[in-house]
Amino acid sequence: MLVLPPVSTPMAAASSPPPLVQVADLAGRGRSLIATRHIKPGEILLSDSPLLLYPSSPAASDADDHAALLRAAHSLSLSSPSSFHQLLSLHAGPTPPVSSSSSSPFPPSLTATLLAADRSNAFALADARRRVSAYAIYPLASFFNHDCLPNACRFDYPDRGSADLTVRALHDIPPGREVCLSYFPVNWGYKERQARLLEDYGFRCECDRCRVEANWKDDEENMEEDGGDEGMAEEEEEEEGDGDFPHAYFFVKFVCDVENCGGTLAPLPPSDDGTVSDVLECNVCGKLRKEGDEDGDGEMDDD
Ligand SMILES: C[S@@+](CC[C@H](N)C(=O)[O-])C[C@H]1O[C@@H](n2cnc3c(N)ncnc32)[C@H](O)[C@@H]1O
């Protein structure tokens, strides 16, 4: 991939990007984050604090969440007009059905913009029991585009009293390559992913994985949702080769095998002397797994 020059967007000028990624405009993808140098597995690409944070709960309806978002945005507009302006400069995709406009402190068009920006950019934060406890919008992490086979994933620790987010590389990333997250658990099937991306983010995904899975029959997709390669016997995998499932390696190495987890595993950050860790951590359940022990039995697997 080309090494792209930095683009001087208003956002890039307002908050200088951290050194490992820079904002660039990519055709058809808008603002994007690009690696500025070779990145090692597990390296922390950025740490970001929320621009806006509002509470939620498993019982909250969309109307409750919208009201909480608008209240938090209103406070921000009063306490920090520049941060509020920054919030309004984030990408705003499709506007969700406006359920709380009558109680909004903003005029209808601004309310719609805020709800759309929230839908495209908010990250759900979960408590220790993995229930949604808040939503947060981050000034830099909002520039990560989506890929169904991401090369980075986010970690957050709200149960430690922090809403900060860090993003770690899953594997080597060459300079100039775009860094992408998955906007939802990577084990979702093709149709579910496409529907969510269109409805909430307003685009059709044409990533490498989607191009392959667009040609799958329904039963192949079900196999992936049921655990993908994990449900596939090793002999079958060898017989079929990787032609129909070229991303099998990704699932084996980077998708957490804890039941109902769906998290992504990233290596722990490299040590101070730059040595890459051979321990991977799940960004949802926190499970640690040694590289080469993909079946999780504590023994090194054979090749
Ligand atoms: C969180 S923002 C990412 C930053 C955004 N590109 C921008 O210009 O600010 C999400 C939006 O980025 C765009 N986007 C993200 N991933 C994409 C992809 N794989 N292909 C095309 N557009 C994408 C969509 O418009 C989506 O609603």
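Biologist: Which residues come nearest to the ligand?
Modeller: In this predicted model, the surroundings of the ligand comprise 18 residues. Those that come nearest among the 18 are Gly30, Arg31, His91, Asn145 and Tyr201.

Biologist: Which element supplies the largest share of the shell around the ligand?
Modeller: At least two residues of the shell are supplied by each of strand E2 (30-35), H4 and strand E7 (145-146). The largest share amounts to three residues, and the element that supplies it is E2.

Biologist: How many residues of the shell around the ligand are polar?
Modeller: When the shell around the ligand is divided by residue class, four of its residues are nonpolar and three are charged. The polar residues in that shell number eleven.

Biologist: Are helices H2 and H4 roughly parallel or roughly perpendicular?
Modeller: The axes of helix H2 (residues 62-79) and helix H4 (residues 108-121) come within 11 Å and cross at roughly 110°. Angles of 65 to 115 degrees count as roughly perpendicular, and therefore the arrangement of H2 with respect to H4 is roughly perpendicular.

Biologist: How many of the residues in the contact of H2 with H4 are nonpolar?
Modeller: From H2, the residues His66, Leu69, Leu70 and Ala73 meet Thr111, Leu114, Leu115 and Asp118 in H4. By class, the residues of this contact include two polar and one charged, while the nonpolar ones number five.

Biologist: Is aspartate 208 buried or exposed?
Modeller: Aspartate 208 belongs to helix H6, which covers residues 208-213, and its C-alpha atom is separated by 37 Å from that of alanine 59, 149 residues apart along the chain. A residue counts as exposed if 12 or fewer other C-beta atoms lie within 10 Å of its own. Because aspartate 208 has 12 other C-beta atoms within 10 Å, the residue is exposed.

Biologist: What percentage of the contacts with a separation of 6 or more is accounted for by residues 24 or more positions apart?
Modeller: The chain has nine helices and 13 strands, and of its 303 residues 32% count as buried. Among contacts in the chain with a separation of 6 or more, the part accounted for by residues 24 or more positions apart is 60%.

Biologist: Over which residues does the pLDDT stay under 50, with 27 contacts beyond four places in sequence?
Modeller: For the chain, the mean pLDDT is 86, and 81% of the residues reach 70 or more. Over residues 226-241 the pLDDT is below 50, and the model has 14 contacts for that stretch beyond near neighbours in sequence. The stretch with 27 contacts beyond four places in sequence, where pLDDT likewise stays under 50, is residues 1-14.

Note on methods: Residues are numbered from 1 along each chain as its sequence is written. This is a predicted model: local features need pLDDT of at least 70, side-chain atom pairs count only at pLDDT 80 or more; totals for chains, interfaces and linings use all residues. pLDDT is the predictor's confidence in each residue, from 0 to 100. Two residues are in contact if their C-beta atoms, placed from the backbone, lie within 7 Å. Helices (H or I, at least four residues) and strands (E, at least two) are DSSP runs, numbered from the N terminus. A residue is buried if 20 or more other C-beta atoms lie within 10 Å of its own, exposed if 12 or fewer, and partly exposed in between; C-beta atoms are placed from the backbone. Axes are lines fitted to C-alpha atoms, for helices over the stretch in contact, and angles run from 0 to 180 degrees between N-to-C directions. Angles under 35 degrees count as roughly parallel, over 145 as roughly antiparallel, 65 to 115 as roughly perpendicular and the rest as oblique. Ala, Val, Leu, Ile, Met, Phe, Trp, Tyr, Cys and Pro count as nonpolar, Asp, Glu, Lys and Arg as charged, and the others, Gly among them, as polar. A residue is near a molecule or strand if its C-beta atom, placed from the backbone, lies within 6 Å of it.
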